[in-house]
Every structure is written in C-alpha cells, then in structure tokens.
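Dear colleague,

I am passing on the structure we talked about, and below it you will find my notes on what turned up in it. Please read them with the model open beside you.

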Amino acid sequence: MAVQTPPESGRTKRDKTHYLYIAVIGAVLAGILVGFVAPGVATELKPLGTGFVNLIKMMISPIIFCTIVLGVGSVRKAAKVGAVGGLALGYFMVMSTVALAIGIVVANLLPAVDLNLTEAAASTGAAQAGGEAETTVEFLVGIIPTTLVSAFTEGEVLQTLLVALLVGFALQAMGTAGEPVLRGIGHIQRLVFKVLAMIMWAAPVGAFGAIAAVVGETGLDALKSLAVIMIGFYVTCVLFVFVVLGTLLRLVAGVNIFSLLKYLGREFLLILSTSSSETALPRSIAKMEHLGVSKPVVGITIPTGYSFNLDGTAIYLTMASLFIAEAMGDPLSIGQQISLLLFMVIASKGAAGVTGAGLATLAGGLQSHRPELVDGVGLIVGIDRFMSEARALTNFAGNMVATVLVGTWTKEIDKVRVDDVLAGRIPFDESTVVDGHGEPAGEPAVEADVPAGPADGGTKEKVGV
C-alpha cells in the first residue's frame, strides 16, 4: 500500500501553520508601526531579526549536505550530476548578464537626480569599500574548506556543496556497501527538517524585530529623497521576474509564473520580513522536491544559484552604479557602462543572499573600477535595506525558476506532478517540511528520501534493493 499522510491529519497540521504565517504578517505590520511611533525603541529590536536569521542559517549546511548526498549517491551515473551542474552554471551566467543589461537600460531611462553628498555620507561609502576586493582566484580557492567538517561550522554554502558532492560520488562508487550510509543520512535529513519546522515558529518574533529596526533607522526622509532610484529598481525587478523569467518559464517548462510564485508564497513572506533570501533556502529545497523536480537537480541548482544566480543583485549593481555617477555629476558614457557591466558580471558572483552583501559588493566593485565614485555609495545607504528586500525576492524567484528550467532541460522533472501540486491537489506538508512523495509502496516512510525521485520518468533507483 502507498504510504500517505491521512488527509484529515494532514489538513489539521497545515491549518496550524496558517496561523503562523498570519502571525508573521501581523508582526510585520506591528514592526512598521513601532518603527514610526518609537524609532529609538525599534532600533533596539534589531537583534530579534538577526537571531532568527542566524537560526535559519544554522540549518542551511546540514540540509544542503543531506539533500545533495541523497540525490547524488542514489543515481548510477556521475555524468548525470555533471550535466546538471554545467547546465545550471551556463544558465546562471547568461541570466546574470541579461539582468545586468536590463539594469543599465532602465537606469538610463530614469530622470536625473542631483543630491548633495555630505562628508558623513562619503565616509559611509568609503567604509563599505574598506575591505579588499576578493579576486576570482581567491573566490575559487575559498570554495575548498579547511577540513572536511569545517564547511558545516563556518556556514559556507559552496564549501558545503563541494563536500556533499564528494561524499555523494564516493557513496555512488561504493555501490551496495554505501546503502546503509544513505539510509542513515535519510534519517538525519528528516531530523534536520523537523528542527527547521520548530524554528519556523519563531518567525513572527524575527519579522517584528527586523522590520521595526529598518523603519526606525530609516524613517521617511530617505525614502522621499531617493524615491526615483528605489521605485525604478522595484519596477525593474517586477518586469524582470514576470516578463523575462515568466516568459522563459512558460516557453520552456509550460509553467505559469504566477502559479509557481503562489506555491512559494510563504517563502516570499519570510524573505520580505527578514530581507534575506537565505531564510527561505531550506524550505525551498523541500518544496521544489515536492513539486516534482529530482533531488540531484534541486540539490545542485538551488545552493549553487545562491552564489551564482543573483539576478536581483545584478540589476541593483548596475542601476545603483549609474545612479551614483549621475547624482555626483559624473555620468558614465555608453562605453564605460558596457565596461562596468562586464566587470559587475564577475563582481556579482561574490555577493551572498544576506542583507548588506549587495551594498558591500557595489562599493567593492566601484573601488576597483571607478574609485572616484566610491564615496557616492553613501547616498543610497539609507534606502539600501528597502532595496535589499527587492534584491532578495528577485534572487529567490530567479533560483526557483532556474530549478524548474534545469529540471526540464535534463528531463528530471515530473510534469504531471508539477501540475497537480500547483493546482493544490497535492499539498505540501508544512508540519514536517520534508517531502516523501518518492516513497515506494510498503516501505517505511523514513527511507523515503533516499531515492532520486520520480522525475526520471519512473526509472528511479531504490537504495537497498
């Protein structure tokens, strides 16, 4: 018999989580109110948001490790994993370049703004660029962890990805001898996701502290004076997601972008309230597997995309650079803009999905490319947090679309299941935050995460058989 959660109990558990996300929305509204009414008190609440984000980040490395090891270790051909990774990286480079180009086009259409650069703002910009820019070689070498376990303790996503791939390939090569290890990691994955489900109940507290601090620190003055760049950036992100990504998703995978984003609505709410796309990374892995994308594709595309597929950050880097140059009375020529675009293609790969990383990358990029503009970074510091919301949301949407596209191109996606999930006929189990749709009939549920998934057209290999 098929192992399924009873409908009655499944609905009961999901109903409980509805209250959680209603509480998150209420906490966001309360945080905004406190930020306006008592800004001094609101800024003191910042540790609440920081603490919640850190709790989520604590879970990222073990979830990525378990997902990739189970996905890679349970497929027979290593070339399959290499094809997924190569295709994903190629797509990331193309889309980042498209996002940067769109940012340049829109920035040139925005009305000119003349802002006075105070000494305080100039020093802020210089401080953001204070650290030395990381070279490409340093970035690549930095992917290698100090020890096999240091990737977990340091929280480096790409280091964890490398270790997980090595372990997965090793278990793959071990054959039947590695099956007990895979089953053990399947148990650990369920434990980790259960811990994540517990942490999620602290989301309203984290959202309240994060939003209150932002509003308390910023106020309305910065929003009014910098409305041009902020509104232009938001509009550009919306057009990129719904026109560019939406069209690509419809043509390649036949999936409606609105349906996909609705399915990921709770993850978007988390990102909006914390301004960090990393808070949604663990849940997004489980939800994309539940959608019908195979474990190898999900395990490789999503973590890699968090460092290499930052569409929102790419748009921000070019638009902010051109805005700063214009505001300082030193506009860039078309040739300089193209040169800057090529430079930012590389610079954007060093930005992570965490609050403030985009601003630091902008300052570092200008320091290397146009040092005379670095002081101008201080002009947008006041609204950067509000722009980071759009950056994080766009980055996340881009990675979810990329996962569906790569799954389609590699034929590692169950399209029938995708339609059923997006239509609401197969709801995601919010109580466990773990997917078990690949469970073979009559097998214990705890071993459900070991197979590669149903996306290979019914040819999935079951570990232990």
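Over the ring of which residue does the charged end of Lys 287 sit? It is the ring of Tyr 263, and the charged end of Lys 287 lies 4.6 Å from the centre of that ring. Please keep in mind throughout that this is a predicted model.

Lys 287 belongs to a helix that deserves a closer look. Helix α15 covers residues 281-291, and 11 of its 11 residues are buried, so the helix is largely enclosed by the rest of the structure. The buried residues of α15 include charged-type names that you might look up individually, among them Arg 283, Lys 287 and Glu 289, alongside others such as Leu 281, Ile 285 and Met 288. After α15 comes Gly 292, which has a positive phi, near 125 degrees.

Turning to the aromatic residues, the structure holds 5 aromatic pairs. In one of them, Phe 233 and Tyr 316 meet edge-to-face, with 5.8 Å from centre to centre and 70 degrees between the planes. Because Phe 233 lies in helix α12 and Tyr 316 in helix α17 (residues 311-327), this pair ties together parts that are 83 residues apart in sequence. Both Phe 233 and Tyr 316 are buried. The rings of Phe 268 and Phe 396 are also edge-to-face, since their centres are 5.1 Å apart and their planes stand at 90 degrees. This second pair links distant parts of the chain, with Phe 268 in helix α14 (residues 265-274) and Phe 396 in helix α20 (residues 381-409), 128 residues apart. Phe 268 counts as buried at 16% relative accessibility, and Phe 396 is buried with a relative accessible area of 0%. Tyr 316 has a further partner, as Arg 391 lies over its face at 4.1 Å from the ring centre, while Tyr 91, Phe 92 and Trp 409 form one aromatic cluster.

On the surface, Ile 231, Val 235, Val 238, Leu 239, Phe 242, Val 243 and Phe 258 make a nonpolar patch of about 640 Å². Helix α12 (residues 227-253) gives the largest share of this patch, 6 residues, whereas Phe 258 is found in helix α13 (residues 257-263) and counts as exposed at 55% relative accessibility.

Finally, Ala 42, in helix α2 (residues 39-43), is buried with a relative accessible area of 0%. Ala 42 and Ala 212 are 170 residues apart in sequence, yet their C-alpha atoms are 5.0 Å apart in space; Ala 42 also touches other residues, including Val 34, Ala 213 and Gly 216.

With best wishes

Key
Residues numbered from 1 in each chain as written. Predicted model: local features only at pLDDT ≥ 70, side-chain atom pairs only at ≥ 80, totals over all residues. Heavy atoms only, no water. Patch = residues over 30% accessible without salt bridge, like charges linked within 9 Å, V, L, I, M, F, W, Y side chains within 5 Å. Areas by Shrake-Rupley, 256 points an atom, 1.4 Å probe, with all protein chains shown as cover. Salt bridge = Lys/Arg side-chain N within 4 Å of Asp/Glu carboxyl O. Helix = DSSP H or I, 4+ residues; strand = E, 2+ residues; numbered from the N terminus. Buried < 20%, exposed > 50% of the residue type's maximum accessible area, 1.4 Å probe, protein only. Contact = heavy atoms within 4.5 Å. Phe/Tyr/Trp six-rings, centres within 6.5 Å; stacked < 30°, edge-to-face > 60°. Lys NZ or Arg CZ within 6 Å of the ring centre and 35° of its normal. Lists of a residue's contacts leave out its neighbours within four places in sequence.
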